[in-house]
Every structure is written in structure tokens, then in C-alpha cells.
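Please read this briefing alongside the sequence and the structure, which are shown just below. The points are grouped by topic, beginning with strand pairing.

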Amino acid sequence: MMHEGEKSDPAVRAKKSANKADEAAESMEQRAGAKGKAIASTTNRTQSRVSVSPGLDRLRQRARENRNEKFTALLHHITVDLLTQAYHWLKRDAAAGVDGVTWQAYGTDLQANLADLHGRVHRGAYRAQPSRRRMIPKADGRERPLGIASLEDKIVQRAVVEVLNAIYEPEFLGFSYGFRPGRSQHDALDALWVGIDKTRINWIFDADIRSFFDTVSHDWLIRFVEERIGDQRIIRLIRKWLKAGVVENGTLTPTEMGTPQGSVISPLLSNLYLHYVFDIWAHHWRKRPGCGHMMIVRYADDTVCGFEHEADARAFHAELQARMETFALSLHPTKTRLLEFGRFAAERRKRRGEGRPETFAFLGFTHICGRTRNGKFLLIRKSRRDRMRNKLNEIKASLRQKMHESIPEQGQWLGAVVRGYFAYHAVPSNFQALEAFRYHVTWSWMRTLQRRSQRTRMTWEKMTRLAREWLPMPRITHPWPAARFAVKHPRWEPSA
């Protein structure tokens, strides 16, 4: 039987109309204003502080006011000015794609190159190039495939993302945080912390989608895009990027499914896919009669849900697994977990003669049920040990390559690395992990200096003085999650 809200679920409509490609797609499900987080309508700016086209502002306003409208003319927003801004938004030191063109090389005759690119895009003569595959190590010892697109593909993708964001940002739900303007990983972490600490959460459902970026169905993705986009020229651009293939060791492999991780367009497409497959469905699921309190936080394909009742959590797990299979996805059988967690978990488990509550990881932090000095519940977040170990091993390997550089050169580089690590991990309750990280960096630096010569007299005493000069001391720089969450989402605002 179809539960409440499923009749208007665009994913269900797309499935029912798979053989009716000529029929107009029905309107998509609306976001409930009280549940979502308001997104500021300010435009993004380039480094030259030139605001984006007023046309995109009007497009954004039109998309917000007409939630059921299908946009049939969008390519005219891809102007030379927008392509110029897209070029400047790209990373200067990013690796080159299969064409070998770097950001600096393309910029030597930028306006002529962009004018030619603009003409090819609008004439339909633009051709997407295959991505260059590069493998990067993961925390569990495996490797993650990244697709490095050519520079022109990055430019056009970045411009299209800017146009599509104007349409989809008003549609995306408030609990979706990944790769969205004005939202960060720490915003998602804050929402999770506040949800567990301030609401009736007793169970955590930690969902892991198996190989999400590699298994996205191109057919379903295009159907979802066509819910709001009727401009076939934009649709053809997306198809070109999806079907461009990857080059590895000189061999071209066509791509029949998935979106290449590392491409500029991939985060938006993944958000779009999960918006229809998961977000709208989950939003309706938690509004069902008899359902207890439920919390959802999603960052790209990483999702954590909190439940008041165990029965709701198990029912949600079973139904989500079936839904994922409908749309060519699957939950990882070992990484997807349901665990008792929250302010009463430790007490209840103690009464049953069980051990301490299990922990779970989200966005680089291990979340632990803890207590304050006064005995009150405290959600503790600590840097994941495996991630810290991998980072320290990277630093150790880089120090060996920099062994014969001068101490000031090594110190400047190490200081920047440690500051970057602290910038993300310096959250309340994580001070000991910061201290441990700095200690191990200092130890690795000392061992590197000792290996430079058999006559070295580098002692730990001298090393601590050297570290004091070049390495920042650990310090908590992030506010408590509840404080930052209250500032970004004031309770007195209607959208809170």
C-alpha cells in the first residue's frame, strides 16, 4: 500500500511513466517551509568581487515562486561572463585532464579561448572529453577512483552548476548539507549534535550506500533532471558528461553508470539523485501518523538518522533498503548499522547488563555518549583514529622527501599542515586529539632531522623548542554546536 506522500513522490511518478517519455512530467514535491533551513539569496562572487548575472537572480526568484514550473530556456544564461567567472572559481593548482591543459596555460589567451568555448556550447559543437582516472587511498586501505576532467569541461560544468543551483536550491530540503552554497561539513555536524542533544533521540541509524558514485543510474538521473529542466540543450550537456568515459593507463572505458567523483558537476547531480530517491521520501516517512520523533542529517551520500523508538528505526531501515534497490542503489550490509545512542543509552544498557553504548563516525569524527563533570549527558566528538593515522603517515612520507631542506622551509610547511588540520578538527571535546596530532608531528620531524646526519645532536628538548617556534599550539576554535546552530537558524524565524 502506498503511504502518505508517496502519490506525489517524483521518483515514483518517474517509474510509472518510464514508457511515456512524451508525456509532461508532473510537478515535484514541495519543501515544507517549517522544516527547511533558509538559504540566503545573495549571489556568489568571484575574486574580482563582480556579482553573477542579474539574470540568475531573476531565475532564482522565479524558481522559488513557481515550484511547479519546468524551465525550457536556460542555455542563454551560459554567457561569456559566466564562463569567465567559472574559470576563476576553479582551483589554480588542480591536476590537468586528458588534454594536459592547466589553468595557467588556458589563461594566457583567456578571452579568446572562452569566446570560442561559448560559441561551441551554443552551436552544439562542444564535445565532452573523457576523464583521467586517478586512484587515491582510502582510510580502510582501499582506493577511491577520481575522475579528473579536462579544463574546458570543468569550466562549462561550473557554469551549468551555477544555473542549476538557482533552480534547485529552493527545492532541496533543510537536512541536506553536502556541497551546497552557504553550507559546510560543520553545519551538518552542528545539526547532528543539536538533534541528539536537544531532542528525544534514543537510536541512531547510520546508513552507508554501497559505491554510490559508481552505481548511480544514468536513466533515473536524467528522469529526475527532467522534472524541472525542459531545456534539451542542458540535458544533452549532462548526458555528454555522463557518457564521456574514463581513461586509465591509456585505455578508454565507456561509462554506463555512475558519476565521476572529482568532477565539478558530480556533487550537484548526486544531491539531485538523492533528493528524489531519499530526501522527499524520508521527509514524508517521518510525518506518518504514529511515528515518534525523527532526525535526519545528510551530507552527500553520508546519512545519519535519529529515532525516538527502535521499532520506527527498524521499519525505516527495511523500507529504505527496498527503496534503494528500486533506484539501482543498495545499502552496505556491514557498514549500515542501527545502534542504541543518546542521553539514556548508557543507563539503559547498564540496567540490562550490557557494555557502554556503541559509537559511530560521521564526517571525520567519532561520536561518543559521554558525561559532563556534573553527570549530564554530553555528545563527545573525537577525530577518527584511522584518519589521523593516515594523515600522520602522509606527513611522515613527505618529511622524508623534504629531509635535506632547511629547518625554516620544513617548519613553514609543517606549520601550514598543522594549522589546516586544526582548522577542521578544533571542535569542543577534541582537545586531546589535537595534542596527540601535534605530538606525533613533532616526533616525526625529530626523527627526520636525526636521519640527516649520524652526528646530529637533536634531542627532544631542542625539538620541543623548535616545534614551539614553527608549529601552532592546539586550541579549540570552533564554538559549541548549539551556539553556532542558534546563530545560523534562529528559533524566532519562521523557517527555523
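In this predicted model, strand β1, which covers residues 131-137, pairs with β2 in the antiparallel sense, and six bridges join the two. Within that pairing, Arg134 stands opposite Leu146 of β2. The two strands belong to an open sheet of four strands, whose order is β2-β1-β4-β5 and whose pairing is mixed.

**The open sheet and its edges**

- The edges of this sheet are taken by β2 (143-148) and β5 (251-253), and because each has a single partner strand, one side of each is left without a neighbour in the sheet.
- Neighbouring strands of the sheet are turned against each other by 40° on average, when direction is ignored.
- As background to these pairings, strands of a sheet are held to one another through backbone hydrogen bonds, in either a parallel or an antiparallel arrangement.
- The loop between β4 (246-248) and β5 contains Asn249, a residue other than glycine whose phi is nonetheless positive, near 55°.
- Is Asn249 buried or exposed? Its relative accessibility is 77%, and because the cut-off for an exposed residue is over 50%, Asn249 counts as exposed.

**Strands β3, β6, β7 and β8**

- Strand β3, residues 203-208, is mostly covered, since five of its six residues are buried.
- Which strands pair with β3? One of them is β7 (residues 302-307), which is antiparallel to β3 and joined to it over six bridges; another is β8 (residues 337-340), which also runs antiparallel to β3 and is joined to it by four bridges.
- Individual residues can be located in both pairings: Ala207 stands opposite Thr303 in β7, while Trp203 has Glu340 in β8 as its bridge partner.
- Strand β7 is itself mostly covered, with five of its six residues buried, and besides its pairing with β3 it pairs with strand β6 (residues 294-299), in the antiparallel sense and over six bridges.
- In the pairing of β6 with β7, Val297 has Val304 of β7 as its bridge partner.
- The strands β6 and β7 form a hairpin with two residues between them, and Ala300, which lies in the turn, has a positive phi of about 55°.
- A positive phi is also found at Ala328, where the value is about 65° although the residue is not a glycine; Ala328 lies in the loop between α12 (310-326) and β8.
- With a relative accessible area of 40%, Ala328 is partly exposed, because that class lies between the 20% limit for buried residues and the 50% limit for exposed ones.

**Helices α16 and α17, and a nonpolar surface patch**

- Thr448 has its place in helix α16, which spans residues 431-451, and Thr448 is buried, its relative accessible area being 3%.
- The reason for calling Thr448 buried is that its 3% falls under the cut-off of 20% relative accessible area.
- Which residues does Thr448 touch, if those up to four places away in sequence are not counted? The residues touched by Thr448 are Leu399 and Met403.
- Tyr439, Trp443 and Trp460 form a nonpolar patch on the surface, and together these residues have about 320 Å² of accessible area.
- One member of the patch, Trp460, is in helix α17, residues 460-470, and Trp460 is partly exposed, with a relative accessible area of 33%.

**The chain as a whole**

- The secondary structure of the protein chain comes to 18 helices and 11 strands.
- Of the 496 residues in the protein chain, 50% are buried.
- Among the contacts in the protein chain with a separation of 6 or more, 72% are between residues 24 or more positions apart.
- The protein chain has an accessible surface of about 24600 Å², and 49% of that surface belongs to carbon and sulfur atoms.

Technical notes: Residues are numbered from 1 along each chain as its sequence is written. This is a predicted model: local features need pLDDT of at least 70, side-chain atom pairs count only at pLDDT 80 or more; totals for chains, interfaces and linings use all residues. Side-chain values use heavy atoms; hydrogens and water are left out. Buried means under 20% relative accessible area, exposed over 50%, partly exposed in between (1.4 Å probe, protein chains only). Contact means heavy atoms within 4.5 Å. Two strands pair if DSSP finds at least two bridges between them. Axes are lines fitted to C-alpha atoms, for helices over the stretch in contact, and angles run from 0 to 180 degrees between N-to-C directions. Patches are made of residues with over 30% relative accessible area and no salt bridge: like charges are joined within 9 Å, nonpolar side chains (Val, Leu, Ile, Met, Phe, Trp, Tyr) within 5 Å. Accessible areas come from the Shrake-Rupley method with a 1.4 Å probe; for residues, only the protein chains shown count as cover. A salt bridge is a side-chain nitrogen of Lys or Arg within 4 Å of a carboxyl oxygen of Asp or Glu.
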